[in-house]
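Q: Please take a close look at one side chain that forms charged pairs in this model, and explain how it is placed and what it joins. Then please follow the description outwards to other parts of the chain.

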Amino acid sequence: DDIERKMFPEDDMSDNSATMTLMEEKDQNGFTPHPEPEGDITIEDEVHVTDDALIYGVTDNPPIHLTILFAFQTALLSLANQLALSIMVAEAVCGETNGMFKTRLLSTTLFMDGITTLMMILFGVRLPLFQGAAFEYTVPLLALQTLDPERCDPQIITESSFYNSTLNISILVNRTTSADDILYGQVQKLEGSLMLAGFLHFLIGATGLVGVLLRFIGPVTIVPTILLIGLYMTRTAVKFISYHWGIGLMTAAISIILSLYLGKYLLPIPVWTRKRGCHTIRYPLHQVFSILIAIMVGWGVSGICTAAGVLSHEKARTDVGIDIVNNASWFYVPHPTQFGPPSFDVSIFVGFFIATIISVLDSIGDYYACAKTCHVPPPPSHAVNRGIAIEGLCTTLSGIMGAGHATSTYGGNIGAIGITKVGSRLVFLVLAIIYIAFGLIGKFSAVFITIPHPVLGGALITMFGMFIGVVLSNLRYVCLSSTRNIAIIGTSILIGLMVPYWAELQGKDLVLTGNFRVDNILKTLLGNANLSGALLACFLDNTIPGTLDERGITSWQNIPSKAQESENLVTDDFKEGIEVYEPLFPQKWRNSKILKYIPFLPDPKKKPVLETVSSVNYEENTRV
């Protein structure tokens, strides 16, 4: 009933003298109910609702039952990504056989997703954005797997124990490291490296350095860098799906059919309202939850094959992880240093820092895409800086908690807002609480950990395929008829693939400086796919002559300029004003003169000025 009132505020259920039926009106807006037996319900005036109109805006508060329903829908939409990345981290740190560790790691991932989303809604850019596990941070972990396949094997180390200070006599003792020693040692390296990378991420937002980055890093640098991430992650998809190609390909095919082949069809869903009773509405439910439905079907088929004795490999069976679920506690609270005190690894940190730069630029684009989807003005500079700072702060917190990865804005949920027509901040606040609850319920994480690897591999095909496609879409800002741009992009991708492959072939003899620690650092850096590609692309793009328009820098530099303009922007084309970005802090502090020196807070001297801007210009100048 509430949705119908929002979509059709001029409905008059008691007046049957109108010339247009409610059924006809809703046919135009994608919500097609079946005709009522009593006849058509008419309205007095025709209601004009555009295809991209939101049912609930940023500051709207839906009824509590609808809020919970919308929040659960959005939570399930990104759950598969969190599971996949958590398992990738577990495998990178030699924890793939430790069910208890994997359960706690997934709980930490879900818990930090909720905390970061909550912080972003309350104190960050304040748009309805979901913060999930960032795939950009997995490349250094994959490099560790590729260059040192024996890192998970038990090692014999020599320890010296002095027992007589007078004679200075020592005993050398050989000790074999256990699997837990190797596992937690790897996790502790991720903790310290991620904490420092997150702190630098925070400084970029808190000091307003985003504009400086956009002067030197444009689409010609970003596209090959992120593309190498997607191409390099195919190793994980192949590893997962190789345990049973049939189930994996079936899972991928189901998600593709539901999301693409049947994407234009609206599924009839029976609903009940007090005003209209039982009726049906049309909604693309199969498209919104295509990956989750595919995982559930693949999981079910794996269970049937396991019961029939068809599957032999334990990674493809569903009965292997039963003990994990039984032994998992009902409630588990992720806490700092739960996997041990943080340590530091230079090579991992360098990979994380490159991922930080990529994540910053990607998040800025997501902020603007979300603003356009929600029909609000582009985010002002203080909101962008505040959002980047919150992401960095929560990345540092993720390092302290031992998540092994950072959190970043998910563009897929922005597209879901366009489908569901719900952009309420309240929905995303409830979404954050749901993810925090998921992280605290240990049994929940344990159940999802038991999903067979071929099923996850099939889901990764669709997710990574979409990831690579979104990356390539950024080329629309670049002049592709320019030989300069084509040569830089192609050469950077080629070198980014060649150097890690060469490092993998050389194995232990790759670097021999005589210092074991230096050798490991250099090996990891050379094995990082996006490091060599990013450095080469950035160097060539800034040294080879080319105009700003040709390089795509002009489009990217419009982001901070439009952010500045939006501080003086009020237009009838937007459903809500610039006040949606106002930070939460006491009213008496908002006129303080010191605020103009803080990049992530609004300058009190800059007051909105009435200015009309057409939606056409907004579309041309906003990076989506």
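A: Lys239 is partly exposed, because its relative accessible area of 30% falls between the limits of 20% and 50%. The model in which this residue is examined is a predicted one.

The charged pairs of this residue come next. The side chain of Lys239 forms a salt bridge with that of Glu91, with a distance of 2.8 Å from N to O. Lys239 belongs to helix α10 (residues 234-241) and Glu91 to helix α4 (residues 79-92), so this pair ties together parts that are 148 residues apart in sequence. On the other side of this bridge, Glu91 has a relative accessible area of 5% and is therefore buried.

Lys239 also meets the side chain of Glu96 in a salt bridge, at 4.0 Å from N to O. Glu96 lies in the loop between α4 and α5 (99-122), while Lys239 lies in helix α10, so this second pair ties together parts that are 143 residues apart in sequence. The relative accessibility of Glu96 is 28%, which means that it counts as partly exposed.

How many salt bridges does the structure hold? The number is six. Another of them joins the side chains of Asp541 and Arg551, with 3.1 Å between N and O. This pair links distant parts of the chain, with Asp541 in helix α23 (residues 529-543) and Arg551 in helix α24 (residues 548-551), ten residues apart. Asp541 has a relative accessible area of 0% and is buried, and Arg551, at 9% relative accessibility, counts as buried too. To return to the residue examined at the start, salt bridges that share partners join Glu91, Glu96 and Lys239 into one network.

The chain as a whole provides the setting for these pairs. It contains 26 helices and eight strands. Of its 624 residues, 54% are buried. Among contacts with a separation of 6 or more, 80% are between residues 24 or more positions apart.

Cys370, in helix α15, offers one example of residues that are distant in sequence. Its C-alpha is 7.2 Å from that of Leu127, although the two residues are 243 residues apart in sequence. Cys370 is buried, with a relative accessible area of 0%. Beyond residues up to four places away in sequence, Cys370 touches Leu127, Pro128, Leu129, Ile414 and Ile417.

Thr356 is found in helix α15 (residues 346-373). The relative accessible area of Thr356 is 0%, so the residue is buried. Its side chain makes a polar contact of 3.0 Å with the side chain of Tyr137. If neighbours within four places in sequence are left aside, the contacts of Thr356 are Tyr137, Ala197 and His201.

His201 appears again among the contacts of Glu391, together with Met120, Gln131, Ser359, Ser363, Tyr367, Thr407, Ser408 and Thr409, when neighbours within four places in sequence are left aside. Glu391 itself is placed in helix α16 (residues 381-401). Is Glu391 buried or exposed? At 0% relative accessibility, Glu391 counts as buried. The side chain of Glu391 has a polar contact of 2.9 Å with the side chain of Tyr367.

A whole helix may be enclosed in a similar manner. In α9 (residues 219-232), 13 of the 14 residues are buried, so this helix is largely enclosed by the rest of the structure. From its first C-alpha to its last, α9 reaches 19 Å, close to the 20 Å expected at 1.5 Å a residue.

The outer surface completes the picture. The accessible surface of the chain is about 27,500 Å², and 63% of it belongs to carbon and sulfur atoms. Ile256, Ile257, Leu260, Tyr261, Leu262 and Tyr265 make a nonpolar surface patch of about 630 Å². Within this patch, Leu262 lies in the loop between α11 (245-261) and β6 (267-273). Leu262 counts as partly exposed, because its relative accessibility is 33%.

Conventions:
Residues numbered from 1 in each chain as written. Predicted model: local features only at pLDDT ≥ 70, side-chain atom pairs only at ≥ 80, totals over all residues. Heavy atoms only, no water. Helix = DSSP H or I, 4+ residues; strand = E, 2+ residues; numbered from the N terminus. Buried < 20%, exposed > 50% of the residue type's maximum accessible area, 1.4 Å probe, protein only. Polar contact = N/O pair within 3.5 Å; in protein donor to acceptor, adjacent residues only side chain to side chain. Contact = heavy atoms within 4.5 Å. Expected span 1.5 Å × (residues − 1). Patch = residues over 30% accessible without salt bridge, like charges linked within 9 Å, V, L, I, M, F, W, Y side chains within 5 Å. Areas by Shrake-Rupley, 256 points an atom, 1.4 Å probe, with all protein chains shown as cover.
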